[in-house]
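Me: I have a structure to go through with you, and I would like to test how each label is earned. Could you set the values against the definitions as we go?

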Amino acid sequence: MLSRLFAPKVKVSAHCDLPCGVYDPAQARIEAESVKAVQEKMAANDDPHFQTRAAIIKEQRAELAKHHVSVLWSDYFKAPHFEKYPELHQLVNDTLKALSAAKASTDPKTGEKALELIAEIDRIFWETKKA
């Protein structure tokens, strides 16, 4: 009797952890833009204290960007997406590697490369949202 009283009345399911509005590559892009901006500021300032602080911030932002890309890959993109976009696995891997390179570098070109790859993930993401 008690089990029936407390049993769920409606069974629901979803393909992601929460309603899909919570996923957006913009989060990764914003962090990657910060990485590139810090790299540019580092090139324009030779103060060692500034360089140290900037390096810490750049590395933190690169890690956050990697986190957001990884969440899209593991939580948002599903089998039908990977079937329609077979390059998606490699694209995500390349993006994570580019973010690691930007994390380790002061060259803004590495930040720009990461942004280009994130833009491609963004394009695919929004195509999947239309479907």
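Reply: Gladly, and let me start with a lysine: the side chain of Lys58 reaches the backbone oxygen of Lys103 at 2.4 Å. Please keep in mind that this is a predicted model.

Me: What makes the approach of Lys58 to the backbone oxygen of Lys103 a polar contact?

Reply: A polar contact needs a pair of N or O atoms within 3.5 Å, one able to donate a hydrogen and the other to accept it. The side chain of Lys58 and the backbone oxygen of Lys103 are at 2.4 Å, so the pair qualifies. The backbone oxygen of Ser105 also lies 3.2 Å from a polar atom of the Lys58 side chain, and that value is within 3.5 Å too.

Me: Why is Lys58 said to have no salt bridge?

Reply: A salt bridge calls for a Lys or Arg side-chain nitrogen within 4 Å of a carboxyl oxygen of Asp or Glu. For Lys58, the nearest side chain of opposite charge is Glu59, 4.6 Å away, so the cut-off is not met. Lys58, which lies in helix α3, is nonetheless buried.

Me: Which residues is Lys58 in contact with, leaving aside neighbours within four places in sequence?

Reply: They are Val35, Val38, Gln39, Met42, Ala102, Lys103, Ala104 and Ser105.

Me: Ala104 is on that list. How do you know whether Ala104 is buried or exposed?

Reply: Exposed means over 50% relative accessible area. Ala104, in helix α5, has 69% relative accessibility and therefore counts as exposed. Its C-alpha atom is separated by 7.4 Å from that of Glu59, 45 residues apart along the chain.

Me: And Thr95: what decides whether it is buried or exposed?

Reply: Buried means under 20%. Thr95 has 0% relative accessibility, so it counts as buried. This residue is in helix α5, and its side chain reaches the backbone oxygen of Leu91 at 2.7 Å. Leaving aside neighbours within four places in sequence, Thr95 is in contact with Val69, Leu117, Ile118 and Ile121.

Me: Ile121 appears there. What does Ile121 itself touch, not counting residues up to four places away in sequence?

Reply: Ile121 touches Val69, Leu72, Phe77, Leu91, Val92 and Thr95. Ile121 is also one of the residues that touch the most other members of the largest nonpolar core, alongside Val69, Leu72, Phe77, Leu88 and Leu99. That core has 22 residues, and the elements giving two or more of them are α2 (26-43), α3 (48-76), α5 (88-104) and α6 (108-130). The largest share, seven residues, comes from α6.

Me: How do you know that the length of α6 agrees with its number of residues?

Reply: The expected span is 1.5 Å times one less than the number of residues. For the 23 residues of α6 that gives 33 Å, and the end C-alpha atoms are 33 Å apart, so the two agree.

Me: What caps the N-terminal end of α6, and which elements do its buried residues pack against?

Reply: Asp107 is the cap: one of its side-chain oxygens lies 2.9 Å from the backbone nitrogen of Lys109, which is within 3.5 Å. The buried residues of α6, among them Thr110, Ala114, Leu117 and Phe125, pack against α2, α3, α4 (79-84) and α5.

Me: Finally, how many helices and strands does the chain have?

Reply: There are six helices and zero strands. Of the chain's 131 residues, 34% count as buried.

Notes:
Residues are numbered from 1 along each chain as its sequence is written. This is a predicted model: local features need pLDDT of at least 70, side-chain atom pairs count only at pLDDT 80 or more; totals for chains, interfaces and linings use all residues. Side-chain values use heavy atoms; hydrogens and water are left out. A nonpolar core is a set of buried Ala, Val, Leu, Ile, Met, Phe, Trp, Tyr and Cys residues joined through side-chain atoms within 4.5 Å. Buried means under 20% relative accessible area, exposed over 50%, partly exposed in between (1.4 Å probe, protein chains only). Helices (H or I, at least four residues) and strands (E, at least two) are DSSP runs, numbered from the N terminus. Contact means heavy atoms within 4.5 Å. Lys and Arg count as positive and Asp and Glu as negative; His and the chain ends are not counted.
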